[in-house]
Amino acid sequence: MTHSPAPRPRTGARPGPPPDRRTLLRGSLAASAALSLAGVGGAASAAAPALVRSGRPSAAWGVQAGDVTASSGLVWVRSDRPARMVVETSATDSFRRAHRWEGPLLGPGSDFTGTTALRGLPPGEQIHYRVTLSDPDDPRRTGEPVYGTFRTAPARRRDGVRFLWSGDIAGQGWGINPDVGGFRAYDEMRRLDPDFFLCSGDTIYADGPLQPSVTLPDGRIWRNVMTEEKAKVAETLAEYRGAFRYNLLDHNVRAFNAQVPTIAQWDDHEVRNNWYPGQILDDPRYTDKDVDVLAARATRAFGEYFPVSTLRPSVGEGRLHRVVRHGPLLDVFVLDMRTYRNANSPGRQADDTTGILGAGQLDWLKRELARSRAVWKVLAADMPLGLVVPDGATNFEAVAQGDPGAPLGRELQIAELLRFIKHRRITGTLWLTADVHHTSAQHYAPERAAFKDFAPFWEFVSGPLAAGGFPANALDGTFGPERVFVRAPHRSNVSPMESPQYFGEVDIDGDSGELTVRLRAEGGTVLFGKVLQPGRVGQ
């Protein structure tokens with residue numbers, strides 16, 4: 001086992017004690033009862049809250065918070081019928097002197113989901129919230145409140161920041177298995193009580209239907225909770241919505257969402273495997289072959305089921321790339337390497353202005369990096385940079401294409417970005433990603449690279465969180481990666497019963513500014529750790 005830096009005590013006091021689980025359970029027990037399934041492995045209604053439709057509105061799918069900053073956050077809920085969303089916030093779980101926020105009217109146009117923006121919050125504080133749904137025709141008729149909590153980002157550097165990241169959820173045929181306790185990694189992450197969770201894409205597998213059971217190589221049986229929408233690939237808006245609802249059937253996910261805010265991004269499986277704009281599918285499972293149509297439906301469902309600041313209807317921007325500022329120590333640059341990319345190809349073009357980000361997003365990223373005054377700047381990518389990810393026999397899905405020479409194809413855009421970071425002397429950058437279903441650490445250095453006009457940097461990979469494991473990908477030498485650590489299975493699509501799931505942890509010390517990355521395996525094991533120093537252009 002690789003020895004890693006031991007977790008250090010957090011500098012500065014935590015803003016209050018950890019959330020009172022009894023408070024959270026007040027709202028989650030009713031949700032669990034409403035979402036309990038009649039038969040394991042049998043069909044479960046995708047509208048499970050209909051079990052409690054008589055009477056008052058129900059928020060049985062739980063609550064979640066997202067894109068939390070020092071003074072703001074988003075709170076999400078889903079109702080079982082038309083309802084008005086009302087949020088109350090308080091400094092304590094007693095909800096004395098609570099502040100009331102009237103949210104949107106929830107209806108079929110948003111699949112009965114809604115998000116309320118909370119503004120003017122105190123920095124560095126534990127915020128307790130409860131969501132109540134009321135009958136729009138009779139506000140006195142309200143459902144049981146559902147409780148949640150989150151910490152706002154600190155205003156002071158000395159308080160430090162700690163967060164987790166991973167991705168790849170319910171993929172390759174491995175869904176919610178009650179026999180193993182469902183998505184157990186979520187419970188483990190919740191117990192670590194991070195400031196937030198960065199979900200690095202493949203939040204669902206819209207193109208990955210489930211079977212009621214799968215026989216493993218050793219003869220054991222994996223049993224999936226089934227829903228109507230997860231029995232086929234998603235094509236319609238209703239099917240995409242059902243794919244997003246599926247993960248919320250898991251009690252671990254709902255409990256995690258109630259305690260830990262999320263920064264959500266997407267990759268390909270929210271739409272379908274390896275998609276790109278303008279693609280016309282040659283896949284008999286799909287009756288609608290136009291990927292742009294499918295992507296529009298998936299984008300709408302993604303915005304309905306995750307609290308994303310740039311996808312809210314009132315904002316009007318309708319994009320996934322954004323900066324989430326988490327106090328003086330950290331800015332998170334959430335990239336979208338899917339929506340604006342060019343077609344997957346052999347990647348040998350000598351001129352490529354579109355690349356994997358699109359010209360507009362690249363300009364935005366340069367501008368925001370130059371503006372950032374945070375000590376650390378996390379580039380949250382939904383795909384790795386130097387790992388070769390094939391798409392069929394001749395095309396490539398990510399940035400690298402296996403040619404270790406000078407940048408070509410999508411590498412040209414990344415070379416331009418890395419050159420910009422070096423010449424503008426932008427300090428404290430590191431890359432976090434998932435996608436490839438194993439965990440690893442790569443160090444990129446110009447002395448090993450064909451392209452040399454950049455400062456050294458680290459890229460850390462984690463995942464899957466609840467999906468199949470896959471062998472490590474080959475490296476492309478263009479940017480000089482060295483694989484310092486890797487943990488991966490030796491065959492493809494190893495089930496979560498056979499291999500642990502992976503997530504990463506980032507801990508920024510408030511006094512020293514040092515950033516520690518830990519690659520973790522389900523079960524409490526720290527596989528690898530690395531300490532990075534602040535204030536440097538390269539690491």
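Is E304 buried or exposed? In this predicted model, E304 has a relative accessibility of 8% and therefore counts as buried, the cut-off for that class being under 20%.

**Helix 5 and its internal pair**

E304 forms a salt bridge with R300, with a nitrogen-to-oxygen distance of 3.3 Å. Both residues belong to helix 5, where they are four residues apart, or about one turn of the helix. R300 has a relative accessibility of 43% and therefore counts as partly exposed. The pair thus joins a partly exposed arginine, R300, to a buried glutamate, E304.

**Packing of helix 3 on helix 5**

Helix 5 spans residues 291-305 and packs with helix 3, residues 237-247, at an angle of about 40 degrees, the axes being 9 Å apart. Because of this angle, helix 3 is oblique to helix 5. The crossing of the two helices is right-handed. Helix 3 contributes L237, Y240, R241, F244 and R245 to the contact, while helix 5 contributes L294, R297, A298, R300, A301, F302, E304 and Y305. Sorted by class, the contact comprises eight nonpolar and five charged residues, with no polar ones. Both members of the salt bridge described above, R300 and E304, are among the contact residues of helix 5.

**Salt bridges between helix 7 and a loop**

Side chains of opposite charge can pair when their charged atoms come close. Across the whole structure, a search finds 39 salt bridges. Three of them are set out below.

| Salt bridge | N to O distance |
|---|---|
| R300 and E304 | 3.3 Å |
| R419 and D453 | 3.4 Å |
| K422 and D453 | 3.1 Å |

D453 takes part in a salt bridge with R419 and in another with K422. K422 lies in helix 7 and D453 in the loop between strand 22 and strand 23, so this pair ties together parts that are 31 residues apart in sequence. R419 is also in helix 7, which covers residues 411-423, and its pairing with D453 links distant parts of the chain, 34 residues apart. The strands that flank the loop are strand 22 (439-444) and strand 23 (457-461).

How exposed are these partners? D453 has a relative accessible area of 22% and is partly exposed. K422, at 30%, is partly exposed, and R419, at 33% relative accessibility, also counts as partly exposed.

**A salt-bridge network**

Elsewhere in the list of ionic pairs, R162, E505, D507, R518 and R520 are joined into one network by salt bridges that share partners.

Terms used:
Residues numbered from 1 in each chain as written. Predicted model: local features only at pLDDT ≥ 70, side-chain atom pairs only at ≥ 80, totals over all residues. Heavy atoms only, no water. Axes fitted to C-alpha atoms, helices over the stretch in contact; angles between N-to-C directions. Parallel < 35°, antiparallel > 145°, perpendicular 65-115°, else oblique. Left-handed = near helix turned anticlockwise from the far one by under 90°. Contact = heavy atoms within 4.5 Å. Nonpolar A, V, L, I, M, F, W, Y, C, P; charged D, E, K, R; others polar. Salt bridge = Lys/Arg side-chain N within 4 Å of Asp/Glu carboxyl O. Buried < 20%, exposed > 50% of the residue type's maximum accessible area, 1.4 Å probe, protein only.
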